[in-house]
Amino acid sequence: MGKVAVAVIVSLWVISISILVNHIVPEPYMDEIFHIPQAQQYCIGNFRSWDPMITTPPGLYYLSLVHVASLFPGMSIVQAASSFSEVCTTAILRSVNGVLAVLCSILVCCIAYCSACYVSCMFEEELLVKCSGKLGALAVVIRQTNIVWMLFVACTGVINITLVRPRDNVEVNDIDTAIRKSNRTTSNDDVTSGSNLRLRKFSNSPGTDKHSMPSASLVSTNHSSGLLDEVKVIFLALWHMKWELLVSFSPFLTVFVAFLAFIRWNGSVVLGAKEAHTVSPHFAQIMYFGLVSALAVAPLHCSKGQVVDLFQSFWKRRPISFFQVFVAVIAGFYSVHFFSIAHPYLIADNRHYPFYLWRKVINAHWSMKYLLVPLYVYSWFSIFSTLGRVQRKIWVLAFFLATAAVLVPAPLIEFRYYTIPFYFIVLHSHINDYQSWLLMGLLYLAFNVFTMMIFLFRPFHWDHEPGIQRFIW
C-alpha cells in the first residue's frame with residue numbers, strides 16, 4: 001500500500017511538472033538538442049544517423065521507440081497523429097523518463113529532478129536494481145558506466161552465494177584449516193576473527209548442491225568477521241564451485257566480454273565528443289561524492305549521535321583506527337592537491353550547481369580545498385560505518401571500488417554521476433528512523449521545488465551566445 005501511495009504521489013508530481021516544463025520550455029534544451037533529434041531520426045527509420053556529440057549508446061532511443069509504439073495506436077484513433085514519426089514530439093519523448101520515474105518510485109522514494117527532461121541518466125536506477133544479466137546488458141546499452149554496476153551486482157551475487165546461502169554436503173576440512181590460519185594472522189586487528197565463520201557439515205539430501213562451500217549458519221547473521229576471513233572463505237568457495245558459478249554468472253561474463261570488445265573497436269568508452277570526455281585520474285571526485293552523499297542523508301550522517309558513535313568506535317579500535325584515519329587524511333590531501341581537475345565545462349557553464357560550488361566553496365581560497373579534506377574523510381568513514389552495520393566488509397569494499405571505478409575516471413563534476421552509488425548507499429543502509437525519512441523527504445522536496453522554480457521562472461541570457469539559458473542541476 002505504501003508503494004502504491006508513493007507511486008501515486010510521484011505520478012502527480014511528474015504529470016504536473018511535465019505539463020509546466022512542456023508549456024514553458026517547449027523546445028529542446030541543453031543536452032536535449034542532441035538527444036531529441038537523434039531519437040526523431042530513429043522514429044523515421046534512419047538508424048544509420050548518429051550525432052557525433054552524443055557520448056552514450058543508443059539504448060535510450062530504442063526504449064523511446066517502444067514507448068512511442070505503445071502510444072501510436074491510441075493517438076492514431078483520436079487522430080492526434082497520422083504517422084509514427086509525428087508521435088515523436090519533444091513532449092512525448094520527455095514523457096519516457098516520466099514513465100520510468102513512476103516505475104522507479106515503487107522501489108525508490110527519492111526521484112531525481114531530471115525526470116522531466118529527456119536525458120539518459122534516469123534509466124539507470126530501474127535497470128540496476130533488478131539484478132540480472134539481461135537487464136544489465138540493457139543498462140550498459142543505455143549508459144556505458146553501468147558495466148561497473150552490473151559487475152558490482154554480480155559480485156554481490158557471489159558474496160551472497162558463498163557467505164550467506166546455506167548449502168548441503170559441505171566439506172569443511174580445507175576451509176576450516178584456512179580460517180584457523182587466517183585467525184592467527186589477523187588476531188592483532190582487534191576484530192572478531194574467523195571463529196564467526198565456523199562451518200558445519202550438512203547431511204546429504206535429494207536435489208541439493210554437491211559443490212563445497214561455506215555454510216550460512218553463523219556467516220549469514222554475524223557481520224563482525226574480519227575482511228581477510230571473508231576473502232579467504234569466498235576464494236575457497238569459488239574454487240570448489242567454479243564450474244557452477246561460471247555457468248550461473250555467464251550472462252554477466254558475456255556482457256563484460258562484449259563491452260571489452262566494444263572498447264577495443266571504438267577506441268574509447270564514450271562514443272562521441274571523445275576529446276571532452278577523456279579518462280582522467282580525478283581522485284578528488286570520490287572525495288566530493290562522499291561529502292555530497294553524507295549531506296544528502298544529513299539526518300543520519302550529520303547527527304550528534306552518529307559523531308559520538310563513530311568516535312567511540314575509533315577509540316575502541318585504537319591504535320589501528322587512528323592509523324586508518326591518518327592514512328585517509330593523507331590520501332585526501334594528496335588527491336585534492338594532485339588530482340583535482342577543473343574541467344572547461346565546469347568553469348564556463350554557470351547553469352549548474354557544481355559551477356557555484358567550485359567557484360564559491362572549493363576554489364574560494366587556495367586553502368579551502370585542503371580545509372575540506374577532514375569533512376571528506378569523516379563523510380566516508382560515516383558511510384562505511386553505516387553500511388558496515390548491515391553489510392559485510394567485503395560488500396562495503398566492493399561498493400567503494402565500484403564507486404571509485406565510475407567516478408575517478410570522470411573529469412567533469414556532475415551530480416547525476418552520483419545517482420546510482422547514492423541510491424545504493426540509501427537502500428543498503430536500512431534506515432528505519434521514520435523521522436529521518438520524513439526530514440529527508442521534506443529536504444528533497446524543497447530542493448527540487450526551488451530548483452524547478454529557478455529553471456522555469458528565472459531564465460537569463462549570455463552575452464556570447466544567443467537564446468534563453470536556464471539553471472538546471
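Good morning. I begin with a cysteine: C88 has a relative accessibility of 3%, and since the cut-off for buried is under 20%, C88 counts as buried. I should say at once that this is a predicted model.

C88 has a partner. The sulfur atoms of C43 and C88 lie 1.7 Å apart, and the two residues form a disulfide. The structure contains 1 disulfide. In sequence, the pair connects distant parts of the chain, 45 residues apart. C43 belongs to helix 2, residues 32–43, while C88 sits in the loop between helix 4 (84–87) and helix 5 (90–105). As for handedness, the torsion about the S-S bond of C43 and C88 is about -80°, and the disulfide is therefore left-handed. C43 is buried as well, at a relative accessible area of 9%.

Two further cysteines deserve a mention. C155 has 39% relative accessibility and counts as partly exposed. C302, at 42%, is likewise classed as partly exposed.

I turn now to helix 16, which covers residues 320–338. How far apart should the ends of its 19 residues be? At 1.5 Å a residue, the expected span is 27 Å, and the end C-alpha atoms are indeed 27 Å apart, so expectation and model agree.

Which residues of helix 16 are buried? They are S321, G332, S335 and V336. Viewed down the helix axis, these buried residues fall within an arc of 85°, and so they line one face of helix 16. The general background is that an α-helix has 3.6 residues a turn, so residues three or four places apart point the same way. On the other side of helix 16, three phenylalanines, F323, F326 and F338, are exposed.

What covers the buried residues of helix 16? The cover includes helix 13 (284–296) and helix 15 (304–316). It also includes helix 19 (368–371) and helix 20 (373–388).

Finally, a word on confidence. The protein has an average pLDDT of 79, and 79% of the residues score at least 70. Two segments stay under 50. The first to mention is residues 109–116, for which the model nevertheless has 33 contacts beyond four places in sequence. The other is residues 122–130, with 36 such contacts. Where pLDDT is low, the predicted coordinates should not be read in detail.

To recapitulate, I have described a left-handed disulfide between C43 and C88, and a helix 16 whose buried residues line one face. Thank you for your attention.

Note on methods: Residues are numbered from 1 along each chain as its sequence is written. This is a predicted model: local features need pLDDT of at least 70, side-chain atom pairs count only at pLDDT 80 or more; totals for chains, interfaces and linings use all residues. Side-chain values use heavy atoms; hydrogens and water are left out. Helices (H or I, at least four residues) and strands (E, at least two) are DSSP runs, numbered from the N terminus. The expected span of a helix is 1.5 Å times one less than its number of residues. Buried means under 20% relative accessible area, exposed over 50%, partly exposed in between (1.4 Å probe, protein chains only). The arc is that of the directions from the helix axis to the C-beta atoms. Contact means heavy atoms within 4.5 Å. A disulfide is a pair of cysteine sulfur atoms within 2.5 Å. pLDDT is the predictor's confidence in each residue, from 0 to 100.
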